Amino acid sequence: MDIDRLTAKEKLRLICGKDFWHTEDFGGKLPQLTVADGPVGLRVVKARAADGTETAYPATAYPSVQLLANTWDRDCAKKMGAALADDCLERDVDILLAPGVNVKRTPLCGRNFEYFSEDPLLAGEMAKAYIAGLQEGGAGACLKHFCCNNLEYDRLHQSSDVDERTLREIYYLPFEIACEAKPVSVMCSYNRINGTYGAEYKKGFLVLREEFGFDGAVFSDWSAVRDRAASARAGLDLEMPFCEENYQKLCKDFEEGSISEEEIDACAERVLALISRCKTMRQGKKPRRTEAERRRIAQEIAAEGMVLLKNDGTLPLAAGARLAVAGCYAQPSDMGMLRGAGAAAVNREGETFSVPAALKKRGYAVMFEPAFSYDGVDSFHQDARRAAGLASESDVSVLCVGLGEKFERESADRETLRLPRVQERAILASAAAAPTVVVVFAGAAVDMSAWADKVSAILFAGYPGAGGDEALASLLAGEKNPCGRLSESFPLSLADCPASREDGVSAGVTRYAEGLDVGYRYYITHHVPVLFAFGFGLSYSSFAYRDLTAEVGREGITLSFDVCNTSERAGKEVVQVYVRECTPVVYRPARELKAFEKVFAEGGGRQKVSFTLGRRAFAHWSAAEDAWCVSDGVYEILVGASSEDIRLTLKVRAERGTFSLLPLQDGAECDRIVS
Ligand code: GLC
């Protein structure tokens, strides 16, 4: 569609959306786009009540984005995107309002279950794969929320006060990486960034377009626009949903000349291009997977992403063991207990979830007691004492605890990192009675310091989607080998997290005073111990890293090493590569993730892994040069099984843009240098 075929009035209308979920089509003159949430399942609204509550059609529920990130597996992300594309095709949805890539600056953020990680590289890479799967499947992506929407507190108004270098190295970076997958759209954030509303963030939109190669349309978040002319001038192409008042004001501004036709055309052309691109993307595409296959994908991803945090050998459960299963999360009365609330909620009507049933299917003798309900102990229906009693009669107690949409939700942050007191009491009572395995269903970090040392094993189950009970039981029973790794640090206490300190918050402003010190970047640099580290996770196998070699080539430094499975059991390991500048001339965290890969190795087998680190892997954003710079000096490359568990190291020197490998020092763990 050529823009010249639209009148000025039509162009003004086009950039203001049609209603809650559609673009304007002028009675069929244009094709119409349908958009819908959300990142972990399609939320197509069936009905919207007068008070705004929406009823959505039931849909396949996929694991929470945080659980997906815990797989550290780009293939899982791509598969989830592809399965969601099938859901979109079936429901005639052109654009899925996902994925969200906001960095987890504070573990309290109410929407952390919807986001990938505290680390921008992991978030960006997983989002990039998700977008590729979704768009190759025929549905457009909407990368969100640009940017610095890292808490829900006062999200419509508060200003995230962030310096340029922190923006570049932390908060922009997931968008920069994910834009390599060419999302058809980006959604702005509600908040201000350094005083400017996300809907009017011209400087950010220019970075997206001129530096990150973003060639799609910028959407507003829903009702994030306050002044349509100002947002259009900034480069926000489509206001959603339609707002009569904003539209009338835009028409008046246009008539009065405070916004030119060229400025309107710039937005209208990008909306027309979006319509054309999405219709072309869908052309001829049909769902490639049955619903059962999509549910299978959800189950597989959950099994890949659940993280074994502690295990004294109680897991895998011995065949035929007598199990006391307790906790309402084992058999939730409301599927809202296994998800966060808000735009990402999926209608899971008709879905069943029962950990006792899944374990019984595997030959275990199971006694079940809810022990507590979602909001406390309802003594007509639960008996905490009975739970402890069953535990004392069992070989192993499996206690299912967690959070859910009462605690994790859009538009509000969490009050605490701890579990409800009633759950902690049930854990301690169970641990006193029998070897106890705690399964945690949550979408973000949980402070387990009150009980972690009292229990035999801890499995972080995230918010699994369809088939999550089967995924969990397969890991507990040892059919599958846990291979998830934490995509965010679990601090020992909220007070240890720099972003949780309120010294940066005045009315309406959240000062990101911690700068680059987000997550493990802070804890490792400042030697603050954590309960469980970024990148950590146990397996039923064990791995060693050997035979590191390195060479300098045109593309950068290529590392190669072997991951050796030193156990008899086949398993997967997530190898992580971090970089540290040894004598920086600007502040640099002691460790920054620069590459990762999930690898499989048979029992007793080994798998060669190679990474090439280019210039950017050593660079920092120079506020002096307004560019990425690599300072001369020595850098350490750290290869590890987590951010704290470093197995191999190597040092390189950068000198005027040229890299050289440092000779081996005594005891260096690098076996051979091939320069
Ligand atoms: C919400 C969310 C956004 C969602 C949109 C549509 O307020 O911030 O993530 O996609 O509105 O529901």
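**Figure 1. Antiparallel pairing of strands β28 and β29 in the predicted model.** Strand β28 comprises residues 633-640, and strand β29 comprises residues 646-655. The two strands are linked by eight bridges in the antiparallel sense. Val634 has Arg653 of β29 as its bridge partner. The connection from β28 to β29 is a hairpin of five residues.

**Figure 2. Strand β29 and its pairing with strand β30.** Strand β30, formed by residues 658-661, runs antiparallel to β29 and is joined to that strand by four bridges. Within this pairing, Phe659 of β30 stands opposite Ala654. Two residues lie between the strands in the hairpin of β29 and β30, where Arg656 adopts a positive phi near 45°. In a regular strand, side chains alternate between the two faces of the sheet.

**Figure 3. Residues around the ligand.** The ligand is surrounded by 14 residues, of which Asp37, Arg111, His145, Tyr190 and Asp221 come nearest. By class, the shell contains seven charged residues, six nonpolar residues and one polar residue.

**Figure 4. Polar contacts of the ligand with Lys144, Tyr190 and Asp221.** A side-chain N or O atom of Lys144 is 2.9 Å from an oxygen atom of the ligand. For Tyr190, a polar side-chain atom lies 2.7 Å from a ligand oxygen atom. The side chain of Asp221 likewise places an N or O atom 2.7 Å from an oxygen atom of the ligand. The ligand taken alone exposes 310 Å², and the protein buries 94% of that area.

Definitions and conventions
Residues numbered from 1 in each chain as written. Predicted model: local features only at pLDDT ≥ 70, side-chain atom pairs only at ≥ 80, totals over all residues. Heavy atoms only, no water. Near = heavy atom within 4 Å. Polar contact = N/O pair within 3.5 Å; in protein donor to acceptor, adjacent residues only side chain to side chain. Areas by Shrake-Rupley, 256 points an atom, 1.4 Å probe, with all protein chains shown as cover. Nonpolar A, V, L, I, M, F, W, Y, C, P; charged D, E, K, R; others polar. Pairing = 2+ DSSP bridges.
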